[in-house]
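Student: I have a model open and would like to go through it with you. Could we take it piece by piece?

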Amino acid sequence: MTGLDRRLVDAAVSLSPAAHRDTRREQWLADLDGADELGLSSLRLGMGAFTTALFHHRATHRSTWEDSPMTTVPVTGHHRVPHTLRTESVLIALAFLSMFVGALLLILLGRYGGTPLSRTFYLAVDGVIAGIPGLLFMGALGLSEGGTRRRRSLAMGMTVLLTVLFGSYVVGFGRMFAPDWLIIGVVVAGSVFVWLFARGHRGRVWLVTLLPVLVLCAARSAQEFAFSDLNAPAAVLAFTYWMLNLVPFGACAVAALLAGRISSRSRTAAAPVSLTGRSGEPTS
Amino acid sequence: MEPLQRVTAPTLDVLECLLGSTEGPVWGLVIIKETGRPSGTVYPLLERLERQGWIVGSWEEAERSGPRRRLYEFTADGRVAAMELVAGAAERRATAAARPSRSARAGGTPGVPGAPSGRTATP
């Protein structure tokens, strides 16, 4: 077992549902220990453990986990155990980081535009600012809880459309057909819509879709104000423009958090006495 | 025990490996080795089979230092269902193998597209 294999298993365990960590850790470490004995690559085992933790999140209690060995009670209920490290949140944060980096690269490109390679770089940066965040968002949708698989699949399809729309805005193609504010407005409101749809939210929670739109209006006013100073350096203006463009996307994350809080509060209010099931386990 | 929603080739490999064991519970790593499937495929499969009541896992009781090995064996119902599933798959494979290939039906030499099977072409 090398340090890298061990770290992979540690990462895999931390990504695993809390209820499964002890078992998975012991099982995977024992497998790493025995890899040489069976002529297997411990690195590949570590990678396998990592992908298992990353892509297999369903945390149904396994009959023989955490119990005395060889109990064979059939398991029928399915529920997800919350993770300590929320992978969805990490993916959303990475998506936002990618947009931020992409915006910085665009500002730099603005200074060195007009070179023969600048068009190629623009396309690459388009991927960083729109493509990668789109993929990460789809990953977060895939891991989101509350909705059906069909809803999540539809939401991913809608995300592809939103990603293409935002990408067309970044390269300038979309701006030939619609104003900036309209494209960004559709993308941010659409992102919140897609998130709520994938998670199966209902009722007044949907009002949070308006939050990024309102923030966009405020950001547009701030942009107008910034551009009214004709003496400001071009780099400062470009920086202000792009950072203010990212603010509505930050509002999307806030809207999603708010939606989660509102819906969990309404669930608690609707069932104040049924916090535990017959077996004593939490029901939500 | 719940029926399997999806039976893939790796699922059948894992079931066959467990059925072939004559020495009691099988160590998960041995299943990975014998099936030749990646651990990223076998680990989730074992978890799914265990969750659905086909197999049960237990910890090795041998006196060894370090983490304990995870062993797997069928439940009573799981063994019967796995035998049926594996037998059904073997039957389908045999049927498919016995079926003449398209080239053979067309009179060609199997495996050689377009080659005649001994019939002489006369003008």
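Student: To begin with chain B, how many helices and strands does its secondary structure come to?

Tutor: This is a predicted model. In it, chain B has 5 helices and 3 strands. Along the sequence, these elements follow the pattern α-β-α-α-β-β-α-α.

Student: And what does chain A come to in helices and strands?

Tutor: Chain A has 9 helices and 0 strands. Its elements, taken from the N terminus, run α-α-α-α-α-α-α-α-α.

Student: What percentage of each chain is buried?

Tutor: In chain A, buried residues make up 31% of the 284 residues. In chain B, the figure is 31% of the 123 residues.

Student: What about contacts between residues far along the sequence in chain A?

Tutor: Counting contacts in chain A with a separation of 6 or more, 66% are between residues 24 or more positions apart. For chain B, among contacts between residues at least 6 apart in sequence, 50% join residues at least 24 apart.

Student: Back to the helices of chain B, then. At what angle do helix 1 and helix 2 of chain B pack?

Tutor: Helix 1 (residues 9-19) of chain B packs against helix 2 (residues 28-35) of chain B at about 120°, and their axes are 10 Å apart. Because an angle of that value falls outside the parallel, antiparallel and perpendicular ranges, helix 1 of chain B is oblique to helix 2 of chain B. The crossing of these two helices is right-handed.

Student: Which residues meet there?

Tutor: From helix 1 of chain B, the residues are Pro10(B), Asp13(B), Val14(B) and Cys17(B), and they meet Ile31(B), Glu34(B) and Thr35(B) of helix 2 of chain B. By class, this contact has 4 nonpolar, 1 polar and 2 charged residues.

Student: And how do helix 1 and helix 3 of chain B cross?

Tutor: The axes of helix 1 of chain B and helix 3 (residues 39-51) of chain B cross at roughly 70° and come within 10 Å. The two helices are therefore roughly perpendicular to each other. Pro10(B), Thr11(B) and Val14(B) in helix 1 of chain B meet Thr41(B), Val42(B), Leu45(B) and Leu46(B) in helix 3 of chain B. That contact divides into 5 nonpolar, 2 polar and no charged residues.

Student: Changing topic: which residues touch the most other members of the largest nonpolar core?

Tutor: Those are Ile129(A), Val188(A), Val192(A), Cys252(A) and Ala255(A), in a core of 40 residues. Helix 4 (87-111), helix 5 (118-143), helix 6 (149-171), helix 7 (180-198), helix 8 (210-227) and helix 9 (234-270) of chain A each supply at least two residues of this core. Helix 7 of chain A gives the largest share, 9 residues.

Student: Which residues is Cys252(A) in contact with, leaving aside its neighbours in sequence?

Tutor: Leaving aside neighbours within four places in sequence, Cys252(A) is in contact with Val188(A), Ser191(A), Val192(A) and Pro212(A). There is also a second, separate core of 34 residues, which includes Ala53(A), Cys17(B), Ile32(B) and Tyr43(B).

Student: Finally, how many residues does each chain give to the contact between them?

Tutor: Chain A gives 26 residues and chain B gives 25 residues. On the chain A side, helix 2 (21-38) and helix 3 (42-55) each supply at least two residues. Helix 2 of chain A gives the most, with 8 residues. By class, the side of chain A that touches chain B has 11 nonpolar, 10 polar and 5 charged residues.

Definitions and conventions
Residues are numbered from 1 along each chain as its sequence is written. Chains are lettered from A and ligands numbered from 1 in the order in which they are written. This is a predicted model: local features need pLDDT of at least 70, side-chain atom pairs count only at pLDDT 80 or more; totals for chains, interfaces and linings use all residues. Two residues are in contact if their C-beta atoms, placed from the backbone, lie within 7 Å. Helices (H or I, at least four residues) and strands (E, at least two) are DSSP runs, numbered from the N terminus. Ala, Val, Leu, Ile, Met, Phe, Trp, Tyr, Cys and Pro count as nonpolar, Asp, Glu, Lys and Arg as charged, and the others, Gly among them, as polar. A residue is buried if 20 or more other C-beta atoms lie within 10 Å of its own, exposed if 12 or fewer, and partly exposed in between; C-beta atoms are placed from the backbone. Axes are lines fitted to C-alpha atoms, for helices over the stretch in contact, and angles run from 0 to 180 degrees between N-to-C directions. Angles under 35 degrees count as roughly parallel, over 145 as roughly antiparallel, 65 to 115 as roughly perpendicular and the rest as oblique. A crossing is left-handed if the near helix is turned anticlockwise from the far one by less than a right angle, and right-handed if clockwise. A nonpolar core is a set of buried Ala, Val, Leu, Ile, Met, Phe, Trp, Tyr and Cys residues joined through C-beta atoms within 7 Å.
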